[in-house]
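Here's a quick briefing to read with the structure open beside you. Take a moment to turn the model around before you dig in.

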Amino acid sequence: MPKITKIPLLFLILSLNTISAEVIWGPTIERSGGEYIFETGNKYPNLSGIRGGSRISFPRTFSLFGIQGILTKDRLEISGALKTTGWYQKSGEARDEDFFLGPVSTENTTNIATREWSYRDSATIYSGSRNFADGKGKSTVFENRAELFGRYYFQTGNPNYWVDGSGFFLSMGARYSYFKYVFYDVNQFIEGNPVFYGPIGMGLTFSNDLWEFFTGGGYRYSAGDFYLDLSFMPSFGRIKTRDFHVQRSINFFSENYGLGWASKAEVGYKMGPSWLSYLRINHRRFFSEGRFTSQGGLTRDDLTSNLVSGFKSHINIKDFSIEIGVLNKLDWSGTESENLEKVAPKTEE
């Protein structure tokens, strides 16, 4: 069963009936795209003399629906959101490859090198390979997501969307995601004697548990009926996965750590003193490395792999999304109702 995300702090914050702070909330719809890739391999011969690896690729094409809330006070802003796909959505064509590596093959394991200050924007690790097995099929995905962020504004920047001003801000926060892929209607190619190619039905399920921690900053400009919000935040994350191959009846459990970044460009229109709408473009990169272990299996090689302490694994995510939503500023003080009572004529009994 899919996990239910849990960040109760958001609802705790929004339940505070405080006069000195502003509370804003509203629904959001997000359309995502991109790629998710799991890879393992070895360029040099292992104990069995094989140089090779495997790659599982899933598209990140789906829609998210959710609700978000913002608490502002002076120069401080705390925001949170809960989002979900709601059901398993079709995400496009997935692929499961097994390949050989040769002397000219390359292994680029470092996407973000802090020592050399270099960056390689590719979700794949191994190149120059030759597939000896290749499966293509359909995929569905289910995802729950929760996030909590804090900001502090400088200069004339203001967390209140309805106040004119501009300035930089510092930001930090965390995001939790649980998502599961299902790989089905698979057509499998296996290089053998004879060669096999045909449908095998269900391929695998791939469950993911991802924590990301962000710190960075940005700039907000607000004037008249419009505002512009830009941010960039490097990240550190941990992802744990369960990869179950149905035909082989074997589980692979991995735990990876890595670096990444997230950026956002948002433009909004203030529709009145308490309502606004916005269009937001999000980018996210996450590159990780770790180890995985196997459990179960039907063949002798699969059962033998259960005794190995672990194998190297890479999980890299590149995605982007377009998000639209509306926000409403709540009136905690009740001044509107008090003003109406003052204006309304009194009736004599």
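How do the residues of the lining of the largest pocket divide into nonpolar, polar and charged? They split into 20 nonpolar, 16 polar and seven charged. Keep in mind that this is a predicted model. With that said, here's the rest of the tour, starting with the whole protein.

**The big picture**
- The protein has 349 residues, and 48% of them count as buried.
- Its secondary structure comes to three helices and 15 strands.
- Take the contacts between residues at least 6 apart in sequence: 75% of these join residues at least 24 apart.
- The accessible surface adds up to about 18,100 Å², and carbon and sulfur atoms account for 61% of that.

**The largest pocket**
- There's about 1,700 Å³ of space in the largest pocket.
- A total of 43 residues line this pocket, and the ones closest to its centre are D98, R248, F252, D301 and D302.
- F252 is worth a second look: besides being among the residues closest to the pocket's centre, F252 belongs to a cluster linked by ring pairs.

**Aromatic rings**
- The structure holds 27 aromatic pairs.
- One of them is Y161 with W162: the ring centres are 6.3 Å apart and the planes sit at 80 degrees, which is over 60, so this pair counts as edge-to-face.
- Are these two residues buried or exposed? Y161 has a relative accessible area of 4%, and the cut-off for buried is under 20%, so Y161 is buried.
- W162 comes in at 18% relative accessibility, so W162 counts as buried by that cut-off too.
- The cluster with F252 in it also takes in Y36, F38, F58, F179, Y181, F183, F206, F292 and F311, with ring pairs as the links.

**A look at F236**
- You'll find F236 in strand β12, which covers residues 226-245.
- Its relative accessible area is 41%, and partly exposed runs between 20% and 50%, so F236 is partly exposed.
- Which residues does F236 touch, once you leave aside its neighbours within four places in sequence? F236 is in contact with W211, E212, F213, Y257, G258 and L259.
- G258 shows how the chain can bring residues together: F236 and G258 are 22 residues apart in sequence, yet their C-alpha atoms are 5.9 Å apart in space.

Technical notes. Residues numbered from 1 in each chain as written. Predicted model: local features only at pLDDT ≥ 70, side-chain atom pairs only at ≥ 80, totals over all residues. Heavy atoms only, no water. 1 Å grid on protein atoms, 1.4 Å probe; cavity = no way out; pocket = protein on both sides within 12 Å on 5 of 7 lines; lining within 4 Å. Points joined across faces, edges and corners; volume = space filled by probe spheres on them. Nonpolar A, V, L, I, M, F, W, Y, C, P; charged D, E, K, R; others polar. Helix = DSSP H or I, 4+ residues; strand = E, 2+ residues; numbered from the N terminus. Buried < 20%, exposed > 50% of the residue type's maximum accessible area, 1.4 Å probe, protein only. Contact = heavy atoms within 4.5 Å. Areas by Shrake-Rupley, 256 points an atom, 1.4 Å probe, with all protein chains shown as cover. Phe/Tyr/Trp six-rings, centres within 6.5 Å; stacked < 30°, edge-to-face > 60°.
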